[in-house]
Amino acid sequence: MSAPTIDDALVAALARPAVAETAPEELPLFRATSEAYFHDPGSLTTKGSRDAMLGFGVDAAMVLVTPIALSVARDVLNFVIEQVRAQSREHGKDAIDRLTDRLLRRSSKPAVQPEGQAATPATPAGPAPEPEAPDLTKEQLEEVREFALEKAKQFELPPEKAKLLAESLVGSLATA
Amino acid sequence: MIAEQGAPPDTPRPRPNPFAFPSDTTFRFALLVAAVLGATLYVWNWMWTALGADTEKVNAAALACLAKAQSGSFVDGIDPLAIARSSDRFSACVQLTYRDATWWMLGGVALVLTVASALTVIWPRLKERRAGFRPLAAEDAPEALEALAELSREAGLRREPRWVWQPLQTAATGLAFGHPGRYAVGLTGGLVVRQATDPDAFRAIVRHELAHIRNRDVGLTYATLSLWYAFLLVAVVPFAFTLLDEGTFALSVTWRLAALAALVYLTRNAVLRSREIYADVRASAADGPRGALARVVGSLKGRSDRLPRRLLALHPSPERRVAALRDTRPLFTITALEAFAAGLAATINFDSVNSLVGWYLDDPLDVATVAAIVFASLLVGVVGVALWRDGFGALASRTPAQAVWPIGLALVAGLLVGPELSLAGAVPGDDATLLRDLLDGKGLLWVGALVALVLLLLDWIAAGASVWLRAEAARRARGAWTAGLLVAAGALTIILGAFYTLREFSEAIAFSKTLTAQQHQQVSEVAAAGPEWLWQFVMDPATLLVIRRPLIPLAIVLLWAFPLAVVLVRRRQTGDAPWAFLDQGGRLDPDRPHVRVLRPIAIGLAGGVACLLAYVVYRGSIHAFVDTGTRARDEFILTFVFWQIVIALVAQGVAGGAAGVFARDRARLAEVLCAATVTGSIATLGLVAGPFAGGCVDRVSIRPGPCTWDVSADFTWDIWRQVVAQGAVVALLVGLVVVGARAAIGMRTRERAEELHPAGAGLP
C-alpha cells in the first residue's frame with residue numbers, strides 16, 4: 001500500500017507549533033523555509049557543511065530545526081494517518097479528513113498564527129457540527145512520540161532538541 | 001594556578017599585516033594559467049600537424065629550402081661567416097614553412113580564453129541553481145539583511161554582493177562565489193538563524209566570506225578553474241580524438257596531461273588553503289585575534305592533518321587557522337613545497353612557448369630569453385614576492401628571516417622536474433633533459449651552475465629586501481619592492497634564457513671548446529698562454545657569444561646599484577606604522593642598514609689604477625724582453641690580449657675580495673660587484689687605450705703604430721662587456737670566499753667569547 005499523500009499545509013500546521021516551542025528564533029524564517037522544503041524535500045541536508053571552495057569550512061554543528069521539524073512532521077502525519085485509517089471502521093470513512101480539518105483549524109487560530117502570514121489556506125469552519133474525529137489513545141500518542149523521537153535522532157538533532165521536538169509534535173496532535 | 005589568576009592580562013604583540021605587501025598566491029595562480037596556456041600551444045601545434053597542415057605543401061616548401069641551401073644561393077662567397085649566415089637563412093626559410101602552425105596555436109589559446117571567459121560568467125549561475133540558493137528577501141530576514149549591508153560597508157566593498165541563502169542547509173556556514181561585477185555570498189539557513197542567536201558568530205562568518213571578495217580570491221579562483229575546464233573542453237577533448245591511433249605516444253601524452261591536472265588541482269587547493277587563512281586574518285581585523293572568529297573557527301569540525309588529506313583539503317585544519325589568527329608571521333614565508341611547485345609550473349610547458357617564439361626569432365638565445373620572460377617574471381612573482389614579504393615579516397615581528405637555500409634548492413628541483421612532465425617531452429627526441437643528464441652523472445656541472453645562480457639570485461632578493469625595508473623603516477617601500485622585483489625578474493630571465501640556450505647547444509659548445517683548445521695549443525708554441533682552462537674561460541667564442549649580450553652587463557650594474565641605492569634614502573622615518581600591523585600599537589624602528597657606496601667605488605678605483613699600472617709594467621716588460629718579430633705575430637697578440645684580460649679579472653677579483661672584507665651588511669655581494677665593475681671599467685679603458693699609449697710612448701709599444709686613437713667603439717664595447725661579465729664571476733667567487741671566511745671567523749669568535757663568558761655568568 002502506498003503512503004497517503006499529506007497536504008503540505010497540514011505538515012506546516014503541525015510543524016509550526018513545534019518550531020515555536022523548540023526554536024522560536026526560527027519562526028520568522030518559517031514561511032521561506034517551509035516553501036523551500038515543500039518545493040524540494042530531498043534537498044534537506046543535515047550532514048553538516050562540505051569543504052566547499054571559498055566556503056567557511058566544515059561545520060558539523062547543526063543549528064537549524066525548522067527543516068527537520070517539517071520532515072519529522074510529515075513522517076509523523078503519515079504514521080498517524082495509518083493509525084487512524086485502521087480505526088476508520090469505527091469512526092467512519094471521513095475520520096482522516098476530520099482530523100485534518102481539526103489540525104488546520106487549530107493552526108489558523110490567532111494565538112498561533114504567525115505575523116502576517118498564513119501557513120495554509122485554512123479550511124473554513126462549517127456551520128453544521130461535524131462528527132468528532134477519533135482521539136488518539138495514550139498508548140498511540142506514546143507510540144507517535146517514540147516514532148517522532150526516532151526520526152528526529154535520525155537527523156542527528158541534539159538529544160535535548162529531538163526530545164523537545166517529539167513532545168511538541170505529540171502535544172499538537174493531542175490537543176488538536 | 002592561583003598565581004596565574006593574579007597575573008596581568010595577556011597582552012599579545014601587534015600582528016604584522018599580511019596585506020601590507022602583495023601576496024605571492026596571485027602569482028601562483030598566474031603560473032598555473034601560463035602552464036595551461038603553454039600546454040594549449042603544444043596541443044594546437046599538434047592539431048595543426050594532424051589536421052591542418054597541407055603535408056604536400058609543407059614538404060615541397062621544406063625541400064625548396066633545402067635545394068636553395070644546397071645550390072649555394074645562400075652562401076656569400078668565402079666569407080668565414082657565410083656558413084653561419086647560410087644556416088640562419090635556411091632556418092628562417094623552414095620557419096616560414098611552419099608559420100601557419102602559429103595561427104593554429106594562437107587560435108587555440110584564443111579559443112580557450114574565450115570559452116574560459118564564458119564559463120567564468122556562467123559558472124556562478126549554475127552553482128547558484130544547483131546548490132538551491134534563493135535570494136534572501138527582506139520579508140524573511142530584515143534584520144539579517146541590515147546586518148549584512150553594514151558588514152559589506154565595513155569590508156570596504158564598492159558594491160554590496162548579492163545575498164542568497166539555502167533555507168534547508170542546517171549547518172551555519174557561508175560561501176563566496178561569482179565573478180567581478182557580480183559577486184554573491186551564499187548563506188545557509190543555519191547561518192541566517194545565527195544572526196538572532198549568536199550575532200558575533202554570524203558577523204565573523206560573513207566577514208570571512210566578504211574578505212574572500214575583498215582579497216580578490218573569488219574572481220581569481222573561478223577564472224583559473226574556468227580556464228582549466230576550457231582547456232579540457234577545447235584542447236584536450238579534440239586532442240584525444242587525434243590520439244586514438246597513436247599507440248604509445250597517446251599513453252605518454254595521457255600521463256603527462258594527468259601530471260598537469262594534478263599540478264593544477266593540488267596547487268589550486270594549496271593556494272585556496274592559504275587564501276582561507278588570509279580571509280580569516282582580514283575578517284579578524286574587526287574583533288581581534290581572540291574574538292568571535294577564533295571561537296567559531298575553533299568549533300569547526302576537525303579532520304586528519306596527515307599529508308594526503310591535507311593536500312586534498314580546501315581549508316586548513318581549525319587548529320592551524322586559529323594559530324594563524326594569533327600569529328600572522330607564517331603568512332610571510334614560503335615553503336619549499338611551494339617553491340618546488342612554482343619551479344615545476346614554470347618549466348612544465350616552457351618548451352611549447354619556446355617553439356612558438358622560435359618561429360619569429362632566429363637567434364636561439366633571443367628565443368629562449370623571450371620565452372623565459374613570462375615564466376621568469378611569474379617565478380619571481382612567487383618566490384621574489386615571498387622573500388620580500390618574509391623580510392618585512394621578520395622586521396615587523398623582530399624574528400629571523402627564513403633561510404634562502406631550502407627555497408632555492410626546491411625551486412631548482414622544480415625546474416628540473418618540469419621538463420620531464422612537459423607535453424613536448426612526449427615526442428621521443430635526442431635531447432636529454434637536465435634531470436636525465438644528472439641521473440646519468442653527466443649533468444652535475446650544469447645543475448651545480450643552476451643551483452649556484454638561483455641561490456645567488458634569491459640571496460640577492462632577500463638582501464635587497466632587508467636593506468631597503470630597513471632604510472624605509474616606517475614608510476611603505478612600494479617603489480623599492482617594485483624596482484627590486486623587476487630587476488630580479490630581468491636577471492632571472494637572462495639566467496634562464498642563457499642557461500637553456502647553452503644547454504640546448506651543448507654539443508656546439510663542445511665543438512667550440514675543441515677549437516679553442518687547438519687555438520690554445522697553437523698560440524702556446526709562440527708565447528706563454530697559461531693553463532688551457534683559463535684560456536677556455538677567457539677566449540672561448542661560444543662563451544663570449546653569451547656573456548657579450550648587452551643585457552648582461554646592464555643586469556650586473558643593476559644588481560649592485562639597486563641595493564646600494566639605499567644610501568640615497570635620506571629622510572628616515574621610524575616609529576608608528578599603522579599600515580604595517582593589523583592591531584594598534586605596532587612600531588617599525590629597525591637599525592639603519594650599513595651599506596656604503598663610496599667605499600666599494602674607492603676600492604674599485606684603486607683596483608683599476610693598480611690594473612693600469614700592471615698594464616704599463618706588462619707592456620714595458622714585453623717591449624724590453626720580447627723581440628719585434630715575435631711581437632708582430634698574431635698568436636703573440638692573441639696571448640697579449642688574453643693576459644691583459646686575465647690581469648683585469650685578477651684585479652676585479654682582488655677589488656671584489658677587498659670590498660667583501662669591509663662590507664658589513666646583508667648586501668655584501670652588491671658591494672663586491674660594484675668594486676669589480678669599477679675596476680673592470682678602468683681596466684677596459686687601459687686595455688683599449690694601450691695601442692694609443694704604445695704609439696705615443698715607444699717603451700710601452702708592442703707593435704709600432706701612430707700616436708692616434710683609432711680603437712673602434714664596437715671593440716671597446718665588446719671588451720667592456722666581456723671584462724665586466726667575466727670579472728663579475730671572478731669577483732663573486734672571491735667575494736663568496738671572503739664573506740664565508742668572515743662568517744666562519746665571526747662564529748668562532750662568538751663561540752670563544754661564549755666559552756670564556758657563558759651566558760648569565762656573573763649575573764645575580
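**View 1. The largest nonpolar core, with its best-connected members picked out.** In this predicted model, the core takes in 262 residues. The ones touching the most other members are A:Ala73, A:Leu165, A:Leu169, B:Val383 and B:Leu673. If you're wondering who chips in the largest share, look at helix 16 of chain B (residues 364–397), which supplies 20 residues. Both assigned domains of chain B get a piece of the action too: the core draws at least three residues from each of domain 1 (131–214) and domain 2 (594–756). As a bit of background, nonpolar side chains in soluble globular proteins tend to be buried together.

**View 2. Zooming in on A:Leu169 and its neighbours.** Leave aside residues up to four places away in sequence, and A:Leu169 touches A:Leu14, A:Ala18, A:Val72, A:Ala73, A:Val76 and A:Ala148. One of these, A:Ala73, turns up with A:Leu169 among the core residues that touch the most other members.

**View 3. Where chain B meets chain A.** Here 39 residues of chain B are in contact with 31 residues of chain A. On the chain B side, the elements giving two or more residues are strand 3 (174–179), helix 7 (189–197), helix 8 (199–214) and helix 9 (217–242). Helix 7 of chain B gives the most, with 7 residues. Sort the chain B side by class and you get 18 nonpolar, 14 polar and 7 charged residues.

**View 4. Helix 27 crossing helix 29 in chain B.** Two packed helices are described by the angle between their axes and the distance between the axes. For helix 27 (residues 634–662) and helix 29 (residues 713–756) of chain B, the axes come within 7 Å and cross at roughly 40°. The crossing is right-handed. Helix 27 of chain B brings residues including B:Ala648, B:Gly653, B:Gly656, B:Gly657 and B:Gly660 to the contact, while helix 29 of chain B brings, among others, B:Gly727, B:Val730, B:Val734 and B:Val738. By class, this contact has 11 nonpolar, 8 polar and no charged residues.

**View 5. Stepping back to chain B and its two domains.** Chain B has 764 residues, and 45% of them are buried. It carries 29 helices and 6 strands, and its C-alpha trace spans about 105 × 90 × 45 Å along the principal axes. Domain 1 covers 131–214 and domain 2 covers 594–756, with their C-alpha centres 68 Å apart. Among contacts in chain B between residues at least 6 apart in sequence, 80% join residues at least 24 apart.

Methods
Residues are numbered from 1 along each chain as its sequence is written. Chains are lettered from A and ligands numbered from 1 in the order in which they are written. This is a predicted model: local features need pLDDT of at least 70, side-chain atom pairs count only at pLDDT 80 or more; totals for chains, interfaces and linings use all residues. Axes are lines fitted to C-alpha atoms, for helices over the stretch in contact, and angles run from 0 to 180 degrees between N-to-C directions. Helices (H or I, at least four residues) and strands (E, at least two) are DSSP runs, numbered from the N terminus. A crossing is left-handed if the near helix is turned anticlockwise from the far one by less than a right angle, and right-handed if clockwise. Two residues are in contact if their C-beta atoms, placed from the backbone, lie within 7 Å. Ala, Val, Leu, Ile, Met, Phe, Trp, Tyr, Cys and Pro count as nonpolar, Asp, Glu, Lys and Arg as charged, and the others, Gly among them, as polar. Domain bounds come from an automatic or database domain assignment. A nonpolar core is a set of buried Ala, Val, Leu, Ile, Met, Phe, Trp, Tyr and Cys residues joined through C-beta atoms within 7 Å. A residue is buried if 20 or more other C-beta atoms lie within 10 Å of its own, exposed if 12 or fewer, and partly exposed in between; C-beta atoms are placed from the backbone.
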